[in-house]
Amino acid sequence: MSPRASDATENEAKFASALPALEPPINRRPTTTTDKDEGQSKEKLPVEDTVEVDADLENEDDPEISQIPPEVRRVVSLHDDTTLPTLTFRYFLLSIIFVVPGAFLSQMNSFRTTYAPYSVFFVQIASNYVGLWLARILPSRQVRVPFTSWTFNLNPGPWSIKEHVLVTVTAASGATSNLATTPIALGDLYFDQRVHPAAAIFFMWSIDATGYAFAAIARQVLLYEPSYPWFQALCQTALFETQNRQNKNPTPTARKQMRVFWWVLLGITLWQFLPEYAFPMLNSMAFLCWVAPHNPVANFIGSGLGGMGFLNLSFDWANISNYNAGVPLFLSPWWSQVVLFASFAIPCWILLPAAKWGGLGGYPYCLMTNRACTADGGKYPVTDLVTPQNTFNQTAYEENGPLYLGVHYLWSIFFDYASYVSAYSWIAFFGASQIRDGYKKFRARRNNPGQGINHQYTDRLNVLMRSYQEVPLWWYLVLFGAAFISIMTIVGLDIMFIPWWTYFVALATGAAVVVPLGWLYAISNYQLPIGTFNELLYGTMVQNLGTNRSPIGASVYGSIAGDAWYRAQYMLQDQKIGHYTHVPQRAIFFSQVFGITMGVPINYAAMRWIIDSKRDYLTGAIEDPAHIWTGQSLAGSLTMGVQYVLLGPTRLFQQEQFHALPYAFLVGAACPAIIYLLHRLFPRAKFHLWNTTIFFSGASTFYGNVSTGYVSRFIGGFVVMYWAYRYRYQLWAKYNFILAAAFDAGFNLNMLLIFLIFGSARVIGMPNWWGNDAESVEKCYALED
C-alpha cells in the first residue's frame, strides 16, 4: 500500500472511530443503482430514497459543491428562496401549541426512572400538518399591534419550510426539561426549603440562557465548517426536505408513509395504556420469577425491577427506548447498540452476582439502592448531617458512623469518572488532527476582518447564507449579561445554596468543555453526561468552608456548569439545522430564546405538580410498585451532595470503600490508548468501534431500580438496525424515521392522556388484579429489598 493510501485509510479510520452514535443517514452502507441514461453505477446514500438529490449535484466538480461532504450534499437543498416568510403569526401560534405540553411532559419525564422523550420528530411532523391547515383556513388579513405602528398578516401565503423549521427549533428549545429543577426539588423534598417561585423561574431561565450565550464560543469553530456534519441536524434536515417536497407535490409513497405514521402513533398510544396503567406486568416480564416465584435467587436473577434483569423482556416503550442510555434504538448504528448492551450486561450479569454472592466490594448491604447507608445497611439519616446554619454536623456523623454506598452505586460512580476522562483521551488519540485543522482555520479567518463568518467559506451553503444578517456578538453578550445578573442576585441573597464565588468557577468549567465536547457531538452525535465530575469539583472547593455546606449546593453547581454545555449543544445543533435549511440566523436565535422563555414557567409548574402528587414515592416513604416514581435521580443527587459537600472528597477517599474511585481517571485515560494501539496493530479487527466513552457511560447507569428493557432493546435494535438495514434496506429507508417519530409521539400522547384522564383532577388508581399484583407486578414475591 502506498504511503498516500495508507494515510487516507488512517484518516478514514480515525473519523469513523469517533462516531459512537451516528444517525442512519451516515451509516455509510452504500447501495448501487444504475443510471439508465449513462449506463453507469453510482453510489447512493440511504437518505436518497427519501430526499431527492439537488440538480446541482450533477456537477460535483463545482468548487462550491465539492467542499460539502457527500453525506450532506445528498440531503440539503442547494437553492434558497429569500422571500419565504419566517416569524409569522402561524409560527407564534404553533410554537405555543407545541411548547406548552412538551415542556410539561419533558419535566414530568425527568422525575421518572425510565422515559421516552417528547419527540422532536413528532413536533416536526405534526406541526407541518397543522401549518398546512392554518395556511388554508386563516384569512389573509393585515392586523396592527395595539399601541404600535407594527402590523402583520394572519396568513402571509403558503406554509413555508422556514416557518416549519422555526416552530421545530422553538419546541426543541422550550419543550425540554430543566436541570435546575433538581436542586429546587431536593430542597423541598428533603429539607423543607421551598425556593420562592420567582427566584426559581429566574434561576431556571438563566442557566438555559447562559448555555445559549456560551454557544458563541464554539460556533466560530464548529458551526460553519462544512466538514462537521452534526448528524442529528442532518437527520432532521432530511425529514424537513422530504416534507417540503411532499407539500409541493404529494406522491403515493409519501401518502403511505404518513398513513403508517398515524396508524403506528394510534397503536402505540392505545398500547401504552396497558403497561403504564392497566397491565403493569408488561413493564417487566420476569420469566424466572414465573417459574420460581418464591425463590430468592431466581427472583434476583430474573427481576427487572430490583434484580439483574436476566432473560427479562419489557413491552413498555419507556423501558425499551430509555433515552437515559443515550443511544436511540431507531437512530443509532448496530455497532453502537452492541457496545451499549455490553455496558449493561457486564455490570448486571457479571458484577451484580459477583457482588451479591461473591463478596465483590466487601460491603454486602444496599446493593440495589443509590441512597446512602449505615455500616449495618440501614438508611443513613443524611439530613441530620446538616446544621441549621448549613454546616457539617460532626456530632451526628460520629453518632451514625461513616457513610457507606452500595457496591453497585460505587462502580456506577467509578465508570462515570472514567467516561469523562475517556472522552478527552478518545479525542486526543482519534481526533487530534481534526482539532488541529479546525484551530488553524480559526486563526486564518482572523486575517480577514470586516466580513461575516459566511464570507470566510466558499462552499454553497455558506454562500447562500450570506444573504442574511449574522447574529452580532453583542446579542450573546446581552443574553449572558441578563443571566449573569439574575444568578448573581439569587446566589448573593443566599437563595440557591452555593457561595457566590463558586458561580464564577462554574461559568469557567462550563465554558471550558463547550468546544471539545461540542466537537465530539458534531462528529458523533454522542452527548457525554458530565454531572458527577462537576459535583466532585464543587465538593473539593467547599470542603474546608465553615458555612455554605448544604449538600444541595453540589446540584446547584452541577446545573449551572452542566447546563452550560447541554444548552450550548442544543443551540449549535439547531443553528446547524437553520444553516442547512437557509433560515435567517437572527430568526433562529430569536426562536431559541423565545422557546426557553415560554418553556421554563411550564417546567416549574410540572415540577410542582410532581412534588405535590408523588412526594412519598420520591422520598422513598412509600415504594412505587411499578418502580416508575422511585426518585432515583433525586436520591443519587442527594447522596452525591452529602458525600462531596458534607464529607468532602478528602475525607471520602480516605475511607477504605472509596479508595478505588480515583483510579477511574487513570482507567478512563488509558483505555482509549489501548484501543488505539490495538486498532493500529489490527486495523481490520475494527477495535476502533469499541468506543470506551459509550461503554463507560452506559456502565455508569444505576440499574438497581430498573434493569428491564435492555434485552428487548437489543432484540429491537438487531431487527431494525442490522437485519432490516442490511436485508430490507428499501423498506428501512422509507419507514425508519417515520416509525421513530411515531413510537415516541405515541408514548408521549399516552402520558398526556393518562395525566388528563386519571390524574389531573382526582387520582384514579387501577384496581389490583393478576396483571397488576399489589405485592409484585412481576410475580417476584421473594425479591429482597
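Helices here are DSSP runs of H or I with at least four residues, numbered from the N terminus. The model is predicted.

**Exercise 1. Place Gln246 and describe its surroundings.**

Which helix holds Gln246? Is Gln246 buried or exposed? What does Gln246 touch beyond its sequence neighbours?

Step 1. Locate the residue. Gln246 belongs to helix H9, residues 231-248.

Step 2. Classify the exposure. The cut-off for buried is under 20% relative accessible area. Gln246 has 15%, so Gln246 is buried.

Step 3. List the contacts. Leave out residues up to four places away in sequence; Gln246 then touches Ala254 and Gln257.

**Exercise 2. Summarise the protein chain as a whole.**

How many helices and strands does the protein chain have? What share of its residues counts as buried?

Step 1. Count the elements. The secondary structure comes to 30 helices and 6 strands.

Step 2. Take the burial. The protein chain has 785 residues, and 59% of them count as buried.

Step 3. Take the exposed surface. The protein chain exposes about 31300 Å². Carbon and sulfur atoms supply 62% of that area.

Step 4. Check the sequence range of the contacts. Take pairs at least 6 apart in sequence; 81% of these contacts join residues at least 24 apart.

**Exercise 3. Characterise the disulfides.**

How many disulfides does the structure hold? Which pattern do they follow along the chain?

Step 1. Recall the chemistry. A disulfide is a covalent bond between the sulfur atoms of two cysteines.

Step 2. Count. The structure holds 2 disulfides.

Step 3. Take the pair Cys289 and Cys780. Their sulfur atoms are 1.8 Å apart. The angle about the S-S bond is 95°, and the link is right-handed. Cys289 lies in helix H12 (residues 287-291) and Cys780 in the segment after helix H30 (729-759), so the bond ties together parts 491 residues apart in sequence. Both Cys289 and Cys780 are buried.

Step 4. Take the pair Cys366 and Cys373. Their sulfur atoms are 2.1 Å apart. The S-S torsion is about -120°, so this disulfide is left-handed. Cys366 is buried at 14% relative accessible area. Cys373 is buried at 3%.

Step 5. Write the pattern. Count the bonded cysteines along the chain; the result is 1-4, 2-3.

Step 6. Look at two further cysteines. Cys348 is buried, at 0% relative accessibility. Cys671 is partly exposed, with 23%.

**Exercise 4. Analyse the aromatic pairs.**

How many aromatic pairs are there? Why is the pair of Trp334 and Phe718 classed as it is?

Step 1. Count. There are 54 aromatic pairs.

Step 2. Apply the geometry. Planes over 60 degrees apart count as edge-to-face. The rings of Trp334 and Phe718 have centres 5.6 Å apart and planes at 70°, so the pair is edge-to-face.

Step 3. Place the partners. Trp334 is in helix H15 and Phe718 in helix H29, so the pair ties together parts 384 residues apart in sequence. Trp334 is buried at 18% relative accessible area. Phe718 is partly exposed at 37%.

Step 4. Turn to Tyr363 and Tyr404. These rings are stacked, with 4.9 Å centre to centre and 10° between the planes. Tyr363 lies in the loop between H15 and helix H16 (394-400) and Tyr404 in the loop between H16 and H17, so the pair ties together parts 41 residues apart in sequence. Tyr363 is buried at 7%. Tyr404 is partly exposed at 22%.

Step 5. Find a cluster. One aromatic cluster includes Trp334, Phe341, Phe714 and Phe718.

Step 6. Follow Phe714. Phe714 sits in helix H29, residues 710-727. Its relative accessible area is 26%, so Phe714 is partly exposed. Beyond neighbours within four places in sequence, its contacts are Trp334, Gln337, Val338 and Phe341.

Step 7. Add the charges over rings. Lys356 lies over the face of Phe300, 4.6 Å from the ring centre. The charged end of Arg651 sits over the ring of Tyr397, at 5.3 Å from its centre.

**Exercise 5. Explore helix H28.**

How many residues of H28 are buried? What covers them?

Step 1. Count. H28 spans residues 692-699, and 8 of its 8 residues are buried.

Step 2. Name the cover. It includes helix H15 (334-357), helix H17 (407-430) and helix H27 (663-681).

Step 3. Inspect the start of H28. A side-chain oxygen of Asn691 comes within 2.9 Å of the backbone nitrogen of Thr693.

Definitions and conventions. Residues numbered from 1 in each chain as written. Predicted model: local features only at pLDDT ≥ 70, side-chain atom pairs only at ≥ 80, totals over all residues. Heavy atoms only, no water. Buried < 20%, exposed > 50% of the residue type's maximum accessible area, 1.4 Å probe, protein only. Helix = DSSP H or I, 4+ residues; strand = E, 2+ residues; numbered from the N terminus. Contact = heavy atoms within 4.5 Å. Polar contact = N/O pair within 3.5 Å; in protein donor to acceptor, adjacent residues only side chain to side chain. Areas by Shrake-Rupley, 256 points an atom, 1.4 Å probe, with all protein chains shown as cover. Disulfide = S-S within 2.5 Å. Phe/Tyr/Trp six-rings, centres within 6.5 Å; stacked < 30°, edge-to-face > 60°. Lys NZ or Arg CZ within 6 Å of the ring centre and 35° of its normal.
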